[in-house]
Amino acid sequence: MTVEAPNPGGMRLPGMAGTGLAPYPHQTTFSVLTLGSGSPELNPARASACTGIQYRGAYYLVDTGNGSALSLLKGGSYGPYRHRDIAGILFTHLHQDHVTDYFDMVTTRWSEGGKRLDLVGPPGTAELHRFLVTFFGDDLRYRLRGGDRAGIDEEGMFRGVDIRELTGSREFQLGGVRVKTAELTHSLLNLAYRFEADGKAVVVSGDTAFDRRLIDLARGADVLVVDANPWADGSAPPPGGAPSHMSLPEVVRVAAEAAVGTVVLTHLWPLPVDEALVRRTQSVFSNGGYSGRVVFAEDGLEVPV
Ligand SMILES: [Zn+2]
């Protein structure tokens with residue numbers, strides 16, 4: 001018999017927890033990390049929804065869809081991202097493809113020594129965290145007792161998680177970042193977030209049908225990370241029922257009217273982003289009067305703000 005070890009020594013990435021190596025050095029103080037660029041349909045190439053806002057080395061994650069906890073470890077071009085640098089988690093809405101890696105994300109963060117956490121989202125968000133610390137309470141307390149994890153205590157899990165449940169338009173501070181919200185149109189309550197720092201702004205739409213409130217929130221933003229699901233290929237949404245996502249021309253209308261600098265298309269179906277799709281997308285954007293930059297999100301991509 002043979003034992004095959006295609007990757008002898010296992011996958012040991014620089015900067016992984018426990019190696020003592022430095023985390024990925026960000027090239028700019030403010031950037032967008034597309035950690036989950038996929039849709040609810042499982043896709044080996046794309047985790048479900050998760051967008052990281054990096055500001056001075058702290059991460060504010062918008063959504064934690066399936067696979068996104070692993071996406072941090074996979075990292076970007078220069079290496080992995082540390083879970084313990086997550087300073088806040090913000091949910092746009094509580095559909096599974098935006099939520100289900102919350103447990104792994106927060107538990108890994110806490111196990112790596114992450115302390116106080118800001119947790120923001122629509123009503124129901126507090127219940128999610130409560131479920132984590134009750135359903136998995138024995139597991140978490142077992143980890144807490146583990147002598148090999150020096151430096152972890154109850155903070156960041158059983159206490160020190162500052163939970164805010166929001167609806168509508170709000171404005172608040174998270175560390176060095178000003179956050180503004182707008183409630184948009186989806187099959188359940190969806191909050192879009194605007195992050196402002198150093199005179200720059202990033203907006204993350206979450207899932208939404210066409211909604212003028214997104215244009216208002218995104219006005220003049222440097223980067224708009226927008227739900228382009230599932231019609232980024234320009235095909236029409238199925239007939240009937242209230243729309244809960246935008247067609248591509250509607251995405252273009254938002255980008256053009258809000259005059260954003262860069263549009264990042266995310267929440268992508270498993271369609272091949274090939275030359276033909278890029279060309280079609282380009283023509284829809286230029287026909288819609290948008291002259292900025294358009295980027296198809298990829299897991300691990302970093303877009304400087
Ligand atoms: Zn959704």
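Which residues is Val 202 in contact with, leaving aside its neighbours within four places in sequence? This tour of a predicted model begins there.

**Stop 1: Val 202 and its contacts**

Select Val 202, and then add Val 32, Ile 53, Phe 195, Ala 221, Asp 222, Val 223 and Val 305, which are the residues in contact with Val 202 once neighbours within four places in sequence are set aside. Two of these names, Phe 195 and Val 223, will return at the next stops.

Val 202 also belongs to the largest nonpolar core, which has 72 residues. To see the residues with the most contacts inside this core, select Val 202, Val 203, Leu 224 and Val 264. Next, colour helix α6, residues 248-258: this helix supplies the largest share of the core, six residues. As general background, nonpolar side chains tend to be buried together in soluble globular proteins.

**Stop 2: Strand β10 and the hairpin**

Select residues 200-204, which form strand β10. Is this strand largely enclosed or largely open? Four of its five residues are buried, so β10 is largely enclosed by the rest of the structure.

Now add strand β9, residues 190-197. Strands β9 and β10 run antiparallel and are joined by five bridges. One pair to display is Phe 195 with Val 202, its bridge partner in β10. The two strands form a hairpin with two residues between them. In the turn, select Asp 198, which has a positive phi of about 50°.

**Stop 3: From β10 to β11**

Add strand β11, residues 223-227, which pairs with β10 in the parallel sense over three bridges. Here the bridge partner of Val 202 is Val 223. Follow the chain from β10 through helix α5, residues 212-218, to β11; this β-α-β crossover is right-handed. In general, the strands of a sheet pair through backbone hydrogen bonds, either parallel or antiparallel.

**Stop 4: Asn 190**

Return to β9 and select Asn 190, which lies in that strand. Is Asn 190 buried or exposed? A residue counts as buried if 20 or more other C-beta atoms lie within 10 Å of its own. Asn 190 has 26 C-beta neighbours inside 10 Å, and therefore counts as buried.

Beyond residues up to four places away in sequence, Asn 190 touches Thr 92, His 93, Leu 184, Gly 206, Asp 207 and Thr 208. Draw a distance from Asn 190 to Asp 207: the two are 17 residues apart in sequence and 6.6 Å apart in space, C-alpha to C-alpha.

**Stop 5: The seven-stranded sheet**

Turn to the open sheet of seven strands, whose order is β6-β5-β4-β3-β2-β1-β14 and whose pairing is mixed. Select its edge strands, β6 (161-165) and β14 (301-304), each of which pairs on one side only. From one strand to the next, the twist averages 20°. Then show helix α3, residues 125-135, which packs on the sheet and touches β5 and β6. The direction of α3 makes about 145° with that of β6.

**Stop 6: Gly 88**

Within this sheet, select β4 (residues 86-90) and β5 (residues 117-121), parallel strands joined by three bridges. Gly 88 is found in β4, and its bridge partner in β5 is Asp 118. These two residues are 30 places apart in sequence and 4.4 Å apart in space, C-alpha to C-alpha.

Gly 88 counts as buried because it has 21 C-beta neighbours inside 10 Å. To finish, display the residues that Gly 88 touches beyond those up to four places away in sequence: Tyr 60, Leu 117, Asp 118, Val 120 and Leu 174.

Key:
Residues are numbered from 1 along each chain as its sequence is written. This is a predicted model: local features need pLDDT of at least 70, side-chain atom pairs count only at pLDDT 80 or more; totals for chains, interfaces and linings use all residues. Two strands pair if DSSP finds at least two bridges between them. Axes are lines fitted to C-alpha atoms, for helices over the stretch in contact, and angles run from 0 to 180 degrees between N-to-C directions. Two residues are in contact if their C-beta atoms, placed from the backbone, lie within 7 Å. A residue is buried if 20 or more other C-beta atoms lie within 10 Å of its own, exposed if 12 or fewer, and partly exposed in between; C-beta atoms are placed from the backbone. A nonpolar core is a set of buried Ala, Val, Leu, Ile, Met, Phe, Trp, Tyr and Cys residues joined through C-beta atoms within 7 Å. A crossover is right-handed if, with the strands pointing away from the viewer, the path from the first strand over the helix to the second runs clockwise.
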